[in-house]
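Dear colleague,

I am passing on the structure below for you to look through at your own pace. My notes on what was found in it follow directly after.

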Amino acid sequence: MESMTTKLMSGNEAIAWGAYDYGVKVAAAYPGTPSTEILENIARLDDVYAEWAPNEKVALEVAIGACLGGVRTLASMKHVGLNVAADPFFTASYIGVNGGLVIINADDPGMHSSQNEQDNRHYALAAKVPMLEPGDSQEAYEFIGQALEMSEEYDTPVLFRVTTRVSHSKGVVERKARRIKHLKEPGFVKDPPKYVMVPNFARQRHEYVERRMVRLHELSETTPINRIEWGRREVGIVTSGVAYQYARDARPRASFLKLGLTHPLPENLIRDFAEGVKKVFVVEELDPYLEDQIKALGIPVLGKERFP
């Protein structure tokens with residue numbers, strides 16, 4: 001049985017240790033609250049190349065280049081930083097990966113240290129990449145490993161979305177005591193149809209992206225990070241991220257559909273959950289991202305109040 005260690009960590013510390021324990025070799029970032037401490041912590045660890053980039057676009061390009069060289073990589077930035085990195089982000093969806101590539105995006109509900117309150121879950125929809133959302137420090141640690149494995153299995157970058165309260169709150173984290181070994185030797189294999197997105201190749205990769213989304217939809221229905229927690233059936237709550245903690249505290253006896261993989265959504269699991277309760281509520285931070293997609297499935301839910 002593998003030995004474990006336990007430590008009190010913030011979500012950002014947990015992400016850093018998760019990246020280390022699950023074999024990330026290169027990490028690049030641009031600082032900005034609430035994401036800054038991720039790279040600060042990774043930089044203290046041995047056997048990881050870490051750099052502050054001049055901006056978020058360069059950070060992501062460094063991570064993409066390293067992942068195409070066959071190593072596991074991570075790029076980190078706050079929510080407005082993904083605007084700067086949007087160009088390589090969208091192209092990376094088509095190119096895919098060679099080693100695992102995880103893009104950490106830290107949203108800032110309440111604008112504690114930001115000029116706007118944009119909800120970057122919409123980026124996952126637009127770029128057609130999978131998105132994971134941890135709800136506490138333990139999940140922040142574990143989901144990094146799952147994101148890296150998903151990235152390599154499905155040949156895709158993975159958007160890893162946290163928010164301020166996950167990044168800065170602390171919780172007990174049980175971590176692996178030993179860093180995993182690299183799954184393959186680093187190296188780049190020339191493959192223009194995969195890596196060079198001129199229009200002719202991009203059209204071919206677009207077809208691949210659409211087929212990948214079908215496979216990811218299938219994964220969303222079976223992955224244990226999307227789970228139903230049955231309680232009383234009068235009220236069912238669909239939620240994700242730190243909002244799950246708030247809702248669980250407020251209504252501990254309700255039934256919950258707790259989503260960790262929030263793009264693509266598990267449509268059949270959502271239908272099964274809705275059929276099992278009398279009334280469905282959606283609890284989420286920022287935009288009605290979950291609410292609107294669930295309503296589009298024809299399922300009546302109660303969510304955010306809409307102002308006239």
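Proline 34 sits in the loop that runs between β2 (24–29) and α2 (36–42), and the peptide bond that joins threonine 33 to this proline is cis, with omega at about 15 degrees. Please keep in mind, here and in everything below, that this is a predicted model. A second cis peptide bond leads from histidine 263 to proline 264, where omega is near -5 degrees; proline 264 is placed in the loop between β12 (261–263) and α12 (267–275).

Two further residues deserve a look for their backbone angles. Most residues other than glycine have a negative phi, and most peptide bonds are trans. Lysine 128, which is not a glycine, has a positive phi near 60 degrees, and its place is the loop between α6 (121–127) and β6 (131–132). Aspartate 155, likewise not a glycine, has a positive phi of about 55 degrees and lies in the loop that links α7 (137–154) and β7 (158–163). As for their surroundings, lysine 128 is partly exposed, with a relative accessible area of 29%, whereas aspartate 155 is buried, with a relative accessible area of 13%.

Another loop residue that you may want to display is alanine 53, found between β3 (49–52) and α3 (56–68). Is alanine 53 buried or exposed? Its relative accessible area is 6%, and because buried means under 20%, alanine 53 counts as buried. If neighbours within four places in sequence are left aside, the residues in contact with alanine 53 are Ala29, Tyr30, Val58 and Ala59. Alanine 29 is 24 residues away from alanine 53 along the chain, and yet the C-alpha atoms of the two are separated by 5.8 Å.

Turning to a helix, α11 covers residues 243–250, and Ala243, Tyr244 and Ala247 are buried in it. These three residues cover an arc of only 100 degrees around the axis, and therefore they lie on the same side of α11. The general background is that an α-helix has 3.6 residues a turn, so residues three or four places apart point the same way. Which strands help to cover the buried residues of α11? The cover includes β9 (227–229), β10 (232–240), β11 (254–259) and β13 (279–283).

For the chain as a whole, there are 13 helices and 13 strands. The radius of gyration is 19 Å, close to the 19 Å that the globule rule gives for 308 residues, so the chain is as compact as a globular protein of that length. The C-alpha trace spans about 55 × 50 × 45 Å along its principal axes, and 57% of the 308 residues are buried. When contacts between residues at least 6 apart in sequence are considered, 76% of them join residues at least 24 apart.

Finally, some values that may be useful when you think about the surface and the charges. The accessible surface of the chain comes to about 13500 Å², and 53% of that area belongs to carbon and sulfur atoms. The chain carries 37 positive and 42 negative side chains, and the centres of these two sets lie 2 Å apart.

With best regards

Terms used:
Residues are numbered from 1 along each chain as its sequence is written. This is a predicted model: local features need pLDDT of at least 70, side-chain atom pairs count only at pLDDT 80 or more; totals for chains, interfaces and linings use all residues. Side-chain values use heavy atoms; hydrogens and water are left out. Buried means under 20% relative accessible area, exposed over 50%, partly exposed in between (1.4 Å probe, protein chains only). Helices (H or I, at least four residues) and strands (E, at least two) are DSSP runs, numbered from the N terminus. The arc is that of the directions from the helix axis to the C-beta atoms. Contact means heavy atoms within 4.5 Å. The radius of gyration is taken over C-alpha atoms; the globule rule is 2.2 Å times the number of residues to the power 0.38. Accessible areas come from the Shrake-Rupley method with a 1.4 Å probe; for residues, only the protein chains shown count as cover. Lys and Arg count as positive and Asp and Glu as negative; His and the chain ends are not counted. The place of a charge is taken as NZ of Lys, CZ of Arg, CG of Asp or CD of Glu.
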